Structure formats: structure tokens, C-alpha cells
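Colleague: I'm new to this one and would like to go through it with you. Could you put it on the screen?

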Amino acid sequence: MEIISLLQKEMEQEAITTYKMLSLVPSEKFNWQPHPSSINLKRLALHVAEFPAWVNLAITTEEIDFKDNPYTPKNIASTNELINFFNESLDKGRQALVKADIKTLNNIWTLRNGSHVYSSNTKYEVIRMIHSQIIHHRAQLGMYLRLLDIPLPASYGPSADE
């Protein structure tokens, strides 16, 4: 199987669980955070929802420099808006993978803030890292939901709530 097909398959598999988790985020708890040093529920959920669009960035650009492109989280007011944002992000990621050229996956993509380079990896590695970030932050989201007594859906097997 071609690598782009594998990346597409992984994106679709992770999207199913991500959708289930994001649909459980209660808008009335958007400002809740488990600890003062933690980000709030809304910010974490938005972070999970935005990651698929980063695949588009990795494929269509050579870098992102936060100095020139300051990060501004999307403003949402409801769980429905969160799901819509995730679906838009997922569509961008899907479209990017459809148009991706396997020859460019070995090109370097850099994440920086001015002269400070956070990472510089092949575009393939960046896409894999994006999928891993979705999984990582979705697990954090699961802990937030658990602490709010919200039953969790299955991900890679049944959950204790099913």
C-alpha cells in the first residue's frame, strides 16, 4: 500500500474516535480546567479539533513561523461549533492528502518562532507527528471528560463506560 494511502487510512481511523470525543465536550464546561496550570476544556478541545488541518500546512508549505503568523485560537460558543470546526479541519487534511505528491514527503518542514526552531522534520514525519498529537491530546481530553463524570467512548477497544 502506498504511504499516502496509509496516511489517509490513519487519518480516517483517528477521525472516528476524535469525533466521538469532541461531541461529548459540554459547552457549559468550556472554561473548566482540572488544575490552574492546565488549559481549559474549550482550548484543549479546539486544539484537538484543529490538528487535521495541520496536515494541509505540512503538505502545502515549507514552514510555519509564529513570529510572522501569531497563533490565534478559533472562537466558538458551542459543542456544535466545535464539531463544525473539526469537520472543516478534517476536510482540509483530507484534501491535502488527496493532492499530496509522494516525492515531496521527504522535503523538510520547519516549525519556528523567529530564529528559534522548535522542529525541522520531513513532511512525512510531520504528518505522523500530527496524528500522534491528535492521539496524545485526545487522551488528555478523555481525562478531562472523566473528571467531569462524562462516560467515555471506545477508542482502540472498549472503554470502562461501555
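Colleague: What is the mean pLDDT of the protein?

Modeller: This is a predicted model, where local features need pLDDT of at least 70, side-chain atom pairs count only at pLDDT 80 or more, and totals for chains, interfaces and linings use all residues. Residues are numbered from 1 along each chain as its sequence is written, and side-chain values use heavy atoms, with hydrogens and water left out. pLDDT is the predictor's confidence in each residue, from 0 to 100. Here 99% of the residues reach 70 or more, and the mean is 95.

Colleague: And where is confidence highest?

Modeller: Helices (H or I, at least four residues) and strands (E, at least two) are DSSP runs, numbered from the N terminus. Confidence is lowest in β1, at a mean of 95, while the highest mean, 98, belongs to helix α3 (residues 79–99).

Colleague: How do α1 and α3 pack, roughly parallel or roughly antiparallel?

Modeller: Axes are lines fitted to C-alpha atoms, for helices over the stretch in contact, and angles run from 0 to 180 degrees between N-to-C directions. The axes of α1 and α3 lie 11 Å apart, at an angle of about 180°. Angles under 35 degrees count as roughly parallel, over 145 as roughly antiparallel, 65 to 115 as roughly perpendicular and the rest as oblique. So α1 and α3 are roughly antiparallel.

Colleague: Which strand does β2 join, and by how many bridges?

Modeller: Two strands pair if DSSP finds at least two bridges between them. One bridge partnership is Ile108 with Thr122 in β3. In this hairpin, with 2 residues between the strands, Gly114 takes a positive phi near 65°. Strand β2 (residues 108–113) runs antiparallel to its partner, strand β3 (residues 116–122), and the bridges number 6.

Colleague: How many salt bridges are there?

Modeller: A salt bridge is a side-chain nitrogen of Lys or Arg within 4 Å of a carboxyl oxygen of Asp or Glu. Glu12, Asp91 and Arg94 are linked in a network of them. The count comes to 8.

Colleague: How far apart in sequence are the parts that Glu10 and Arg128 tie together?

Modeller: Those two side chains, Glu10 and Arg128, meet in a salt bridge (2.5 Å, N to O). Glu10 sits in helix α1 (residues 3–22) and Arg128 in helix α4 (residues 123–147), so the tied parts are separated in sequence by 118 residues.

Colleague: In the pair Glu62 and Lys123, is Lys123 buried or partly exposed?

Modeller: Glu62 forms a salt bridge with Lys123, and their closest N and O atoms are 3.3 Å apart. Buried means under 20% relative accessible area, exposed over 50%, and partly exposed in between (1.4 Å probe, protein chains only). Glu62, at 46%, is partly exposed. Lys123 has a relative accessible area of 2%, so Lys123 is buried.

Colleague: What about Arg146 and Asp161: how many residues apart are they?

Modeller: Their side chains meet in a salt bridge (2.8 Å, N to O). Arg146 is in helix α4 and Asp161 in the segment after α4, and the distance along the chain is 15 residues.

Colleague: Which residues does Leu44 touch, not counting those up to four places away in sequence?

Modeller: Leu44 is found in helix α2 and, at 1% relative accessibility, counts as buried. Leu44 and Leu141 are 97 residues apart in sequence but 6.8 Å apart in space, C-alpha to C-alpha. Contact means heavy atoms within 4.5 Å. With that cut-off, Leu44 touches Ile39, His137, Gln140, Leu141 and Tyr144.
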